[in-house]
Amino acid sequence: MHLEHDLEIRRAVRSVLPEDVALGVGDGWHHIVARALKDIRDIADEAGIQVEITHVERKRASLVIRTDALGRRVPMDVADPINEIRFYASDRSSMTCERCGRLGFVIAGDEPRVRCGRCEASEVARQAIQQDYRDHIAGECRHYISFCLKAKRLFPVENIVIQVAPTETEQHFLVDEVHERLVWWRAGSWIEGVDERMRVHFRKLGFGQQCRGRGRNGRLADSTA
């Protein structure tokens, strides 16, 4: 998921989504996740009950959202609507491309996934970027975190990442991978060479109304997020 979408969802539902719970799905499902978590938050708030999200992940080609409602012994008249929201979100994800959000279909295999025809056709090239540029992706994450901490704000990731992939499409895939690594790291994952103590400060950063500065590719890093 892109960093902007991750933070947008967290701002809206921070009462039910702990910082260390990753939104571990593709950007195409961010609208589904946002709607589901907001609805869960609204039900919990209306009932005056504390509920937290414990997992947001893809499993067997569908979105899985888990809460701690059972452990908290939330009353059935609250737990049942929450479960309905979770199941509805899962149903929607099973026909929505996890990459782009268009109408998708389940691709069978060792790791079943939901893709539209266009995104599935590019899956091999995307996986090649993941492998061939693994070290570069980690390096760009390190640079982005350091850059933003020094500036005390977040910048659009694509304005910071150096252009290294041979085509525009492959560069887009590379930027997506940097986004994903940053989102996972922000939630508690690990990136080689990044001090874990930086995460606390990074979590406090947001996108400014107009971020001033230039990335290493020389483009102005503006954001209206």
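## Faces, loops and contacts

Modeller: Let's start with H3: Met76, Asp77, Glu84 and Tyr88 are exposed on the other side of this helix from its buried residues. Keep in mind that this is a predicted model.

Colleague: Fair enough. Which residues of H3 are buried, then?

Modeller: Val78, Ala79, Ile82, Ile85, Arg86, Ala89, Ser90 and Ser93. Their arc around the axis covers only 135°, so they sit on the same side of H3.

Colleague: Why would residues three or four places apart point the same way in an α-helix?

Modeller: Because there are 3.6 residues a turn.

Colleague: And what covers the buried residues of H3?

Modeller: The cover includes helix H2 (30–47), S3 and strand S5 (113–115).

Colleague: Let's pick one residue of H3. What makes serine 90 count as buried?

Modeller: The cut-off is under 20% relative accessible area. Serine 90 comes in at 17%, so it counts as buried.

Colleague: What does the side chain of serine 90 reach?

Modeller: The backbone oxygen of leucine 63, at 3.4 Å. A polar contact needs N or O atoms within 3.5 Å, so that distance falls inside the limit. Skipping neighbours within four places in sequence, serine 90 is in contact with Ser62 and Leu63.

Colleague: How does the reach of H3 from its first C-alpha to its last compare with what is expected?

Modeller: H3 has 18 residues and reaches 25 Å, close to the expected 26 Å at 1.5 Å a residue.

Colleague: Same check for H6: how far apart are its end C-alpha atoms?

Modeller: They are 26 Å apart, and the 18 residues of H6 should span 26 Å, so the two agree.

Colleague: Which residues of H6 are buried, and what do they pack against?

Modeller: The buried ones are Ile137, Ala138, Glu140, Cys141, Tyr144, Ile145, Phe147 and Cys148. They pack against H1, helix H5 (123–132), H7 and helix H8 (198–202).

Colleague: What follows H6?

Modeller: Lysine 152, in the loop between helix H6 (134–151) and helix H7 (168–187). Lysine 152 has a positive phi of about 60° although it is not a glycine.

Colleague: Why is lysine 152 called exposed or buried?

Modeller: Exposed means over 50% relative accessible area. Lysine 152 has 68%, so it is exposed.

Colleague: Where is leucine 154, and is it buried or exposed?

Modeller: Leucine 154 is found in the loop between H6 and H7. Its relative accessible area is 1%, and the buried limit is under 20%, so leucine 154 is buried. The C-alpha atoms of leucine 154 and phenylalanine 173 are separated by 20 Å, with their positions 19 residues apart along the chain.

Colleague: What about the phi of arginine 73?

Modeller: Positive, about 55°, although arginine 73 is not a glycine. Arginine 73 is in the loop between strand S3 (62–67) and helix H3 (76–93). At 77% relative accessible area, set against the over-50% cut-off, arginine 73 is exposed.

Colleague: Let's turn to a helix pair. How do you know whether H1 and H2 are roughly parallel or roughly antiparallel?

Modeller: The axes of helix H1 (residues 3–13) and H2 come within 9 Å and cross at roughly 10°. Angles under 35 degrees count as roughly parallel, so H1 is roughly parallel to H2. His5, Ile9, Ala12 and Val13 of H1 make the contact with His30, Val33, Ala34, Leu37, Lys38 and Arg41 of H2.

Colleague: Staying in H1, what makes aspartate 6 count as buried?

Modeller: Aspartate 6, in helix H1, has 0% relative accessibility, against the limit of under 20%, so it counts as buried. Not counting residues up to four places away in sequence, aspartate 6 touches Met1, Leu23, Val183 and Arg186.

Colleague: Last one. Is isoleucine 53 buried or exposed, and how do you know?

Modeller: Isoleucine 53 is in strand S2 (residues 53–59). Its relative accessible area is 1%, and under 20% means buried, so isoleucine 53 is buried. Beyond neighbours within four places in sequence, isoleucine 53 is in contact with Val16, Leu17, Pro18, Val21, Leu37, Ile40, Ile65, Arg66 and Thr67.

Key. Residues numbered from 1 in each chain as written. Predicted model: local features only at pLDDT ≥ 70, side-chain atom pairs only at ≥ 80, totals over all residues. Heavy atoms only, no water. Helix = DSSP H or I, 4+ residues; strand = E, 2+ residues; numbered from the N terminus. Buried < 20%, exposed > 50% of the residue type's maximum accessible area, 1.4 Å probe, protein only. Polar contact = N/O pair within 3.5 Å; in protein donor to acceptor, adjacent residues only side chain to side chain. Contact = heavy atoms within 4.5 Å. Expected span 1.5 Å × (residues − 1). Arc of directions from axis to C-beta. Axes fitted to C-alpha atoms, helices over the stretch in contact; angles between N-to-C directions. Parallel < 35°, antiparallel > 145°, perpendicular 65-115°, else oblique.
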